[in-house]
Amino acid sequence: MRWTLALGIAFGLALAQLSPAGEISGHRSPVTAVAYSPDGRTLALAADLYIQLYQGRTLKRTLLGHTDTVRSLAFSPGGNLLLSGSADGTLRLWKLASGQTERTLRASGEIWSVGFGPDGEEIFGAGSDGKIRLWRLGGELLQTLEAHQGWVYSAAFSPDGKTLVSGGLDGRARIWSAEGSLQGSLSSGGGIYALVFAREGDRFAVGNRDGAVWVWGLGGELLRMLPAHQLPVSALAYGPGGVLASAGQDEQISIWNARGQKLRGLSPGATALALAFSPDGQTLVSGGDDGRAWLWNAASGRAEGALEPFAASVPALAYSPDGRILASGGSDKTVRLWDERGRLLRTLSGPMLALTTLAFSPDGKTLAGGSQDGWIRLWEVASGKLLRQLGPHGDGVWALAFHPTLPLLVSGGGDELLKFWDPQTGRLLRDFRAHESTVLAASFSPDGQTLASAGADGTIRLWSTGGQPLRSLPPPRPGYVGQGDIVEPSHAGAVYALAYSPDGRMLASASHDNTLKLWDLRTGQELRVLRGHTNAVQKVIFSPDGKSLLSAAWDQTVRLWSLEGRLLQTLPGFSRPLYALAWSPRGILAVGSGTAARGGTISLFHLR
């Protein structure tokens with residue numbers, strides 16, 4: 001854990017102002033991409049939106065420019081350029097000598113795989129839209145290949161540049177000529193998550209969601225199928241002499257010889273999301289979802305050290321009811337509990353995916369955490385003991401809310417359901433379909449009489465404590481004869497967050513349409529729209545006195561608003577999209593995550 005003082009920023013309010021109190025850091029981001037320079041002197045690691053360049057174990061430079069997770073890295077054949085692809089939909093060319101961006105290329109959707117042609121004059125990017133785009137190094141788009149139905153997680157040029165192979169979530173490996181004509185289509189039996197060419201250029205390997213590694217010749221002949229892992233294959237890398245390394249979601253790495261015989265197994269203790277052999281084949285580097293990049297002796301399988309890049313994003317924050325404990329949930333699959341002075345009390349971890357939401361019970365003794373794996377975990381705050389698991393929801397848990405007085409916990413998930421739980425016994429009391437898409441937010445009114453929920457369908461709905469529908473915001477309007485009432489969207493995009501005013505008279509909502517709205521709960525009508533953010537608004541909270549609002553957005557700003565809708569202050573200085581805010585009753589604001597100086601921090605501010 002690190003603690004640093006931030007620059008002084010005052011909001012200049014007559015009755016209240018925020019002044020920096022410091023930053024805390026401890027979460028780590030998964031290492032999503034690794035690559036060696038051709039001469040082996042530089043190792044590039046990607047974690048979150050950062051790219052770090054190491055020589056040996058010494059960090060030489062950090063490259064900043066992407067605005068979302070970097071998924072793929074590739075060095076130019078000459079080693080003077082680095083190409084990166086990101087979930088922000090861009091590719092960037094970096095000059096290694098200066099660390100500056102030489103060129104930014106825009107695609108659509110997330111970029112999962114990038115690479116250079118063997119002569120270094122062409123580059124490609126592939127990703128979530130199922131397409132592969134090829135550009136000249138100068139930025140001219142040469143062609144777009146309609147490659148797959150669904151995501152393309154990996155693609156690669158053959159060493160001689162005559163062949164391009166792509167692997168898709170549709171389970172197909174497709175072979176393309178350098179001119180972009182389809183030469184063949186092969187089935188691996190499951191979605192392909194990793195693909196790599198042998199250095200000799202006579203074969204390529206793919207890893208699929210069934211845990212198998214398939215090795216094909218360039219003519220499409222199947223050379224071998226390796227039952228490599230118990231869970232999906234997450235990464236592949238070829239070394240000299242046909243040696244192949246495979247990594248799986250079973251947290252194992254296997255090394256195979258050219259004949260398909262397993263030489264050794266490595267246990268990094270985490271899922272390796274990326275693999276790369278050094279040019280001489282003596283070192284294998286694995287990038288893990290625990291935020292570490294392990295360096296392995298390829299011959300012996302011995303771990304020779306680990307690199308730990310910048311901290312992770314912090315998508316979930318919650319203060320205990322008395323304000324003495326701050327809980328933070330990270331994309332590194334951990335929950336951390338901090339005291340008022342920013343000291344780490346304990347870390348809660350286990351076999352789970354990234355945290356999405358956190359909530360304290362009204363007595364502060366229990367912490368609930370929702371995860372992308374669809375499970376809700378309840379911990380005892382005093383000891384950190386896992387009390388029980390609730391679920392699962394389909395496609396992740398995205399909303400949690402404790403009732404203020406009753407033993408009741410409500411969860412919302414990607415399965416469009418609201419679920420009502422008894423947190424003391426773990427018993428499911430009831431569940432029902434609440435929205436037409438993912439349930440993203442849930443909040444009880446201060447008196448506990450009403451539950452508000454919001455979803456990716458853009459609607460806000462109000463429910464009784466028992467789960468009976470009350471109304472939507474705005475109220476439904478009568479339909480034509482023979483039709484039911486027409487429910488209008490509350491926003492023009494997904495609604496990510498809800499907050500009741502302390503007196504329970506108003507509800508605030510935050511949306512993908514870049515706006516916030518205030519609703520009069522007596523009439524159900526919209527009071528006003530707050531405009532100012534330039535990207536999706538992820539979080540909204542009322543100040544403890546109920547006289548102002550705070551919002552956090554993907555535009556990397558926190559904004560303070562009056563209840564009349566006037567923008568009072570914009571708090572800049574963050575380096576990535578913001579997801580989390582928490583305001584303590586003791587007057588401390590926590591913002592997650594990431595300042596320009598260091599990623600993954602939680603910034604703290606005093607309310608005065």
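Which residue does the side chain of E436 meet in a salt bridge? It is R433, with N to O at 3.0 Å. I'll come back to salt bridges shortly.

First, what we are looking at. This is a predicted model. Average pLDDT over the chain is 90, and 94% of the residues score at least 70. There is one stretch to flag. Over residues 1–15, pLDDT stays under 50. The model still has 43 contacts for that stretch, counting beyond four places in sequence. Where pLDDT is low, predicted coordinates should not be read in detail. I'll leave that stretch there.

Now, back to charges. The count of salt bridges comes to 20. One group is worth a look on your screens. K95, E102 and R103 are linked in a network. Start with E102 and K95. Their closest N and O atoms are 4.0 Å apart. Then go to R103. R103 also bridges to E102, and here the closest N and O atoms are 3.5 Å apart. So E102 takes part in both bridges, one with K95 and one with R103.

Are these three buried or exposed? They fall in between. Buried means under 20% relative accessible area and exposed means over 50%. E102 has 33%, so E102 counts as partly exposed. K95 has 38%, so K95 is partly exposed too. R103 has 23%, and that also makes R103 partly exposed.

Next, two buried residues. Take E23 first. E23 sits in strand β2, which covers residues 18–25. Its relative accessible area is 8%, so E23 is buried. Now, how far is E23 from G592 in space? The two are 569 residues apart along the chain, yet their C-alpha atoms are separated by 9.9 Å.

The second is F116. You'll find F116 in strand β11, residues 111–116. F116 is buried because its relative accessibility is 10%. Which residues does F116 touch, leaving out those up to four places away in sequence? On one side of the numbering there are A74, F75, S76, P77, L81, L83 and L93. On the other there are E122, I123, L137 and F157. Now set F116 against G524. Those two are 408 residues apart in sequence, and C-alpha to C-alpha they are 56 Å apart in space.

On to the sheets. I have two to show. Strands of a sheet pair through backbone hydrogen bonds, either parallel or antiparallel. The first sheet is open, with four strands in the order β35-β36-β37-β38, and the pairing is antiparallel. At the edges are β35, residues 355–360, and β38, residues 386–390, each pairing on one side only. On average, neighbouring strands here are turned by 20 degrees against each other, ignoring direction. Look at β37, residues 376–380. Four bridges join β37 to β38. Within that pair, R377 stands opposite Q389.

The second sheet is also open. Its four strands run β51-β52-β53-β54, with antiparallel pairing. Its edge strands are β51 and β54, the latter at 567–571. Neighbouring strands in this sheet are turned by 20 degrees on average, again with direction ignored. β53 covers residues 558–562, and four bridges join β53 to β54. V558 is the residue that stands opposite L571 in β54.

Last topic: the nonpolar cores. In soluble globular proteins, nonpolar side chains tend to be buried together. Which members of the largest core touch the most other members? That core has 15 residues, and the answer is L516, L518, V540, F542 and L549. Which elements give two or more residues to this core? They are β47 (495–500), β48 (506–511), β49 (515–520), β51 (537–542) and β52 (548–553).

Zoom in on L518. Leaving out residues up to four places away in sequence, L518 touches M506, L507 and A508. L518 also touches Q525, E526, L527, R528 and L530. Then come F542, L549 and L563. Apart from this core lies another, of 14 residues, including L355, L358, W379 and V381.

To close, three places to click on. Go to E102 for the salt-bridge network with K95 and R103. Go to L518 for the largest nonpolar core. And go to E23 for a C-alpha separation of 9.9 Å from G592.

Key. Residues are numbered from 1 along each chain as its sequence is written. This is a predicted model: local features need pLDDT of at least 70, side-chain atom pairs count only at pLDDT 80 or more; totals for chains, interfaces and linings use all residues. Side-chain values use heavy atoms; hydrogens and water are left out. Buried means under 20% relative accessible area, exposed over 50%, partly exposed in between (1.4 Å probe, protein chains only). Two strands pair if DSSP finds at least two bridges between them. Axes are lines fitted to C-alpha atoms, for helices over the stretch in contact, and angles run from 0 to 180 degrees between N-to-C directions. A nonpolar core is a set of buried Ala, Val, Leu, Ile, Met, Phe, Trp, Tyr and Cys residues joined through side-chain atoms within 4.5 Å. Contact means heavy atoms within 4.5 Å. pLDDT is the predictor's confidence in each residue, from 0 to 100.
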